[in-house]
Amino acid sequence: DCSFVAWQKLLVAAVALGTTGLLIWPRYGRLQITNVKNDTANHVSTISNTNTEFDRNFESVLDQRINSNYCRIKSCSTIICSSNPESSDAGAVASDYIETIFKAECKNTKSVKLSFDSCTFTENALRKNWLRTNLSIEELTLDSCSLREIEDDVFALSIFEATKRIVLTNNKFTSLRKAVFRHLTTLEELSIRDNIVSQAEFNLLETVANSLVILELNRAINDTEVLRNILGGGTLSKVQILSLRRNTIPVISHELFVGVPAVVSLYLEDSRIKTVSRRAFDPIAYSIEQLFITGNMITSLPTGLFDSILRAKRNFRMAIHNNPWNCECNLKWLQDLKTNSPSIFNEDLYCSTPEMNAGKSFNRAEFCPSDSTIPTTLVENSSTASTNHNPEHPTTTEISATTGTVASPVIAINCSFAKSYIQKSLLSTTSRKLLSTDVQLPSRLTDFFVLKTTDRYILINLPNLDKAAKLFWFNNDDVEGSVSCAKNIRHAYLVQNIDQQTTYTICLLRDNEDTVSPLNCLAVTTGSAYESRTWLTNSDKAEAISLLAVSFALLFLVGVVVTYLVIMKYPSLLRCSKRVMLVKKNNVDAIVLPKGVHVDRKERRFGTVTPANNKFEDGYITPLPPVPVPLPRVSRISRVSLQSDLNSYVSELEATETQLASWRLTRLNSELEKQKSDAPPLPPHPSNEIQSLSLAVESKDENLEYDI
């Protein structure tokens, strides 16, 4: 039995244990398996993430090593990137280098000078957002980067707000627009070198005019019109250094430097210059101190070219050597200038022609021999500038002269290609009969006249011709030195850059004609400068006087109304008038006394004087009874008593003491009865300086009683 019982107990324990296991297994066994699976998956995921992070870090380290091969830190203020692969963008390479390497090594740097040398940009273009960094760019240099396009707003990012210098060297872009530079508000220096710009928007640098000080265009210009568009029409008022080296500028006209009136140093070396206008340097005469025109093709200069500069600047210096000078009479003035003011020239000048002076210095050459035949070259002294795209076309005309007889010179000029910027419908032209059958003249153009004249421009109305015409004009006081021409003009033309109070002759020539008709010439006198004009002309005097009279009348009426309103609001302003009694009670501010009566008189009458500087005034006015006039004593003529008022009599008999006492008692009783029926008197004013009017009246009454 004992063994059986033990076996049963063992069996029951086994069954219980199995039952418990069956109950627990569905709940915890599956969870354990799931946890094991999850742990396995998490382990695999961790390994995968570790591999991904490793790959990322590896790629980052690899990029850093790659970027470090193309960019380097010259100092904590300068980064230089060069020769990046064609498959990458130089802007992206520089951005990664700045963010990963430069900021780690130069943690405190806020701005940097960034330079790209022989780098490659995507599509050879500089696009918006091309540089991804928050580091301010102080200077930017793009050298030999083969840039063919610079997109608008390329410098719109905030990192370029403090950029002071931009250098674009040896690239391939051909056009520039205003929008490229409009966000560079602090730009002080712009340099474009070895990159010919063939198109430029007019007033290209207008948006940086308030900050730009240095402008360098070296081997960047081969069209004078493009240079005019870059320099603008007077907007670059702070440019002090202008460098135009190694360009193609065959003619220097008087309009060329209008846009840079503050230039101190002007560099025009090796720019193939042939002709210089007599007034070419007038716009910069008051600022220029250094002029460099060496290595050009100039054979002669117009007389008085530097007069305006020498009058304004005593420290002026220039370099004009290495030019093929034609040492003849028309250049004698330059020899005299060099002899009289040698300090102006930094080097000696040598002649190339004529043969008799070839190789001689200006000091030894004979510019005007008296007994020889002199080949003369008359250089055009006008202020025009050629816009032809063939700069090799000469602008001089060879003529010969012998002793005693000199042929009339021929002035060769180049007409600017005018665009019709003034559109106006005009009447058709009509022909006129010739004035004489002996002389053949082109007919007068009826719609050729002056529309408007000022001290700065002349607006010319032109006939509506089938073909464009040419317009010539010159200063009557200096014909050869001021002849100008414009072609391809229609409808109207604006003649600018003229002298004030000067008479000009303006002639019109049809495009198919070679001779100017005197019938198609106009004489125009320009206006005077604003400072010298009469401020009031005779025609305007009547209108001005009428306007002035009406203005005074209106001013007077306004003054009266304002004075009345002020006095009504502040009557205390009438304090100085003795006919005004000032009272500050309720809404009453002042009482005007009758004519002939004033405050001082009433005060003297009652024996009171108001201090001059009294700051306190009565708050009320007590009406005063009429002052009784004492009757003179009369003798005892009649026993009839005369009644003076209700309570007083005058008798011829002298009253006794008893009668007087009785009268006083009677009067006192009547006064008491009257006081009972009357309203109580007003309280006294707190003023201690002015005696109450009530007290003054009572004292006066008592005195009168005693007199009686």
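**Exercise 1. Determine whether Cys 119 is buried or exposed, and which cysteine sulfur is nearest to its own.**

Solution. Begin with accessibility, where buried means under 20% relative accessible area, exposed means over 50%, and partly exposed lies in between, with a 1.4 Å probe and protein chains only. Cys 119 has a relative accessible area of 4%, so Cys 119 is buried. Next, recall that a disulfide is counted when a pair of cysteine sulfur atoms lies within 2.5 Å. The nearest cysteine sulfur to Cys 119 is that of Cys 145, at 5.0 Å, and Cys 119 is in no disulfide. Cys 145 is likewise in no disulfide, its nearest cysteine sulfur being that of Cys 119, and with a relative accessible area of 1% Cys 145 is buried.

The model is predicted, so local features need pLDDT of at least 70 and side-chain atom pairs count only at pLDDT 80 or more, while totals for chains, interfaces and linings use all residues. Residues are numbered from 1 along each chain as its sequence is written, and side-chain values use heavy atoms, with hydrogens and water left out.

**Exercise 2. Find how many disulfides the count gives, and describe the link of Cys 76 and Cys 106.**

Solution. The count comes to 5 disulfides. In one of them, the sulfur atoms of Cys 76 and Cys 106 are 2.1 Å apart, and the angle of -75 degrees about the S-S bond makes the link left-handed. To place the two ends, note that helices (H or I, at least four residues) and strands (E, at least two) are DSSP runs numbered from the N terminus. The pair of Cys 76 and Cys 106 links distant parts of the chain, with Cys 76 in the loop between strand 1 (71-75) and strand 2 (78-82) and Cys 106 in the loop between helix 2 and strand 3 (111-117), 30 residues apart. Finally, Cys 76 is partly exposed at 40% relative accessible area, whereas Cys 106 is buried at 6%.

**Exercise 3. Work out which parts of the chain are tied together by the disulfide of Cys 507 and Cys 521.**

Solution. The sulfur atoms of Cys 507 and Cys 521 are 2.1 Å apart. The torsion about their S-S bond is about 115 degrees, so the disulfide is right-handed. Cys 507 lies in strand 29 and Cys 521 in strand 30 (residues 521-525), so the pair ties together parts that are 14 residues apart in sequence. Cys 507 is buried, with a relative accessible area of 7%, while Cys 521 is partly exposed, with 24%.

**Exercise 4. Locate the salt bridge of Asp 336 and Lys 332, and state what the buried residues of helix 5 pack against.**

Solution. A salt bridge is a side-chain nitrogen of Lys or Arg within 4 Å of a carboxyl oxygen of Asp or Glu. For Asp 336 and Lys 332 the closest N and O atoms are 2.7 Å apart, and both residues lie in helix 5 (residues 332-340), 4 residues apart, about one turn of the helix. An α-helix has 3.6 residues a turn, so residues three or four places apart point the same way. Asp 336 is partly exposed at 31% relative accessibility, and Lys 332 is partly exposed at 28%. Within helix 5, by contrast, Trp 333, Leu 334, Gln 335, Leu 337 and Lys 338 are buried. Taking contact as heavy atoms within 4.5 Å, the buried residues of helix 5 pack against helix 4 (307-312), strand 17 (317-319) and strand 18 (325-326).

**Exercise 5. Trace the salt bridge that Arg 279 forms, and say where its two residues lie.**

Solution. The structure holds 21 salt bridges. In one of them Arg 279 pairs with Asp 499, the closest N and O atoms being 3.4 Å apart. This pair links distant parts of the chain, since Arg 279 is in the loop between strand 15 (275-276) and strand 16 (290-292) and Asp 499 is in the loop between strand 28 (492-496) and strand 29 (503-510), 220 residues apart. Arg 279 counts as buried at 12% relative accessibility, whereas Asp 499 is partly exposed, with a relative accessible area of 28%.
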